[in-house]
Amino acid sequence: AYQGTQAEVNTVQPLAGGKVLLTEAGDKPRLLEVDRTGKVIVEVALQAQTKDHHLQTRMARKLESGNYLVPQLLDRVVREYDPTGKVVWEVKTPHMPFTAIRLPDGNTLIGCTLGHLVIEVDKGGKEVWRVTNDDLSGKPINDACGVQRLPNGNTVITSHHAGAGDVKLTEVTRDKKVAWT
């Protein structure tokens with residue numbers, strides 16, 4: 001078990017070999033790989049603002065390449081770090097990114113929390129797709145924290161701030177039609 005040493009631990013991803021990926025928010029934001037005893041195996045310093053620890057990072061993910069994809073909320077950027085901490089790719093986002101998923105074609109799907117929108121960018125960082133409440137009847141997106149691209153090409157969006165009786169999950173087609181809620 002790992003006990004954080006700063007303000008927050010706000011990512012958890014199980015990795016191969018029993019390791020776990022964490023991000024730790026604080027004055028020295030960092031990404032960690034720890035074993036099941038809590039021993040730090042890998043530490044990567046993150047380049048993030050430090051005035052608001054809570055809005056530093058969320059939902060970081062280790063990529064097949066060994067690099068890390070890190071949404072950085074208040075900085076409004078998604079960065080890809082190599083294991084040495086070097087930024088090897090980044091894209092500015094129109095609102096605070098919460099989730100970033102690297103797709104099989106190399107594009108990146110990004111949920112922008114309180115912007116109530118999801119974008120997809122290509123390898124060069126150019127936006128190639130976007131869906132917002134303006135595209136959907138009933139405006140079902142309420143804090144787009146989680147996103148996932150399904151094998152059929154549709155995108156599932158979670159609405160973190162959805163209350164009782166509100167839509168919590170929305171599946172949207174590529175042409176921005178609601179397939180399921």
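Reader: Let's start with burial. What share of the 181 residues of the chain counts as buried?

Author: In this predicted model, 50% of the 181 residues count as buried. A residue is called buried when its relative accessible area is under 20%.

Reader: And what about the surface that remains open? How much area does the chain expose?

Author: The exposed area comes to about 8,800 Å², and carbon and sulfur atoms supply 52% of it.

Reader: How would I judge the overall dimensions? What does the radius of gyration say beside the value for a compact globule?

Author: A compact globule of 181 residues would have a radius of gyration near 16 Å; the chain has 16 Å, so the two agree. For the outline along the principal axes, picture a box of roughly 50 × 35 × 30 Å filled by the C-alpha atoms.

Reader: Which fraction of the contacts with a separation of 6 or more joins residues 24 or more positions apart?

Author: That fraction is 32%. Charges can be read in a similar whole-chain way: there are 23 positive and 22 negative ones, and their mean positions are 2 Å apart.

Reader: On to secondary structure. How many helices and strands does the chain have?

Author: The count is 0 helices and 16 strands. As a general idea, strands of a sheet pair through backbone hydrogen bonds, in either a parallel or an antiparallel way.

Reader: Where can I see that with β3 and β4?

Author: Look at residues 30-34 for β3 and 40-45 for β4: the two pair in the antiparallel sense over 5 bridges. One pair to click on is R30, which stands opposite A45 in β4. The two strands form a hairpin with 5 residues between them, and G38 in the turn has a positive phi of about 95 degrees.

Reader: What arrangement do β15 and β16 form?

Author: They form a hairpin too, with 5 residues between the strands, and here K176 in the turn has a positive phi of about 65 degrees. Strand β16 covers residues 178-180 and runs antiparallel to β15, joined by 2 bridges; V172 has V178 as its bridge partner. On β15 (residues 169-172) there is also a link to β14 (residues 155-159), antiparallel with 4 bridges, where T158 is partnered by L169.

Reader: How do I read a sheet as a whole? What is the strand order in the open sheet of 4 strands?

Author: The order is β5-β6-β7-β8, with antiparallel pairing. The edges are β5 (61-62) and β8 (87-92); each has a single partner strand, so one side of each is left without a neighbour in the sheet. Within this sheet, β7 and β8 pair over 5 bridges, and E80 stands opposite W89 in β8. When you follow such strands, remember that side chains in a regular strand alternate between the two faces of the sheet.

Reader: Back to torsions. Which sign of phi should I expect in general?

Author: Most residues other than glycine have a negative phi. R76 is not a glycine, yet has a positive phi of about 50 degrees.

Reader: Where does R76 lie, and how exposed is R76?

Author: R76 is in the loop between β6 (68-72) and β7 (77-81). With a relative accessible area of 34%, R76 is partly exposed.

Reader: What is phi of H116 near?

Author: Near 55 degrees, again a positive value in a residue other than glycine. H116 is found in the loop between β10 (108-112) and β11 (117-121), and at 25% relative accessibility H116 counts as partly exposed.

Methods: Residues are numbered from 1 along each chain as its sequence is written. This is a predicted model: local features need pLDDT of at least 70, side-chain atom pairs count only at pLDDT 80 or more; totals for chains, interfaces and linings use all residues. Side-chain values use heavy atoms; hydrogens and water are left out. Two strands pair if DSSP finds at least two bridges between them. The radius of gyration is taken over C-alpha atoms; the globule rule is 2.2 Å times the number of residues to the power 0.38. Buried means under 20% relative accessible area, exposed over 50%, partly exposed in between (1.4 Å probe, protein chains only). Contact means heavy atoms within 4.5 Å. Accessible areas come from the Shrake-Rupley method with a 1.4 Å probe; for residues, only the protein chains shown count as cover. Lys and Arg count as positive and Asp and Glu as negative; His and the chain ends are not counted. The place of a charge is taken as NZ of Lys, CZ of Arg, CG of Asp or CD of Glu.
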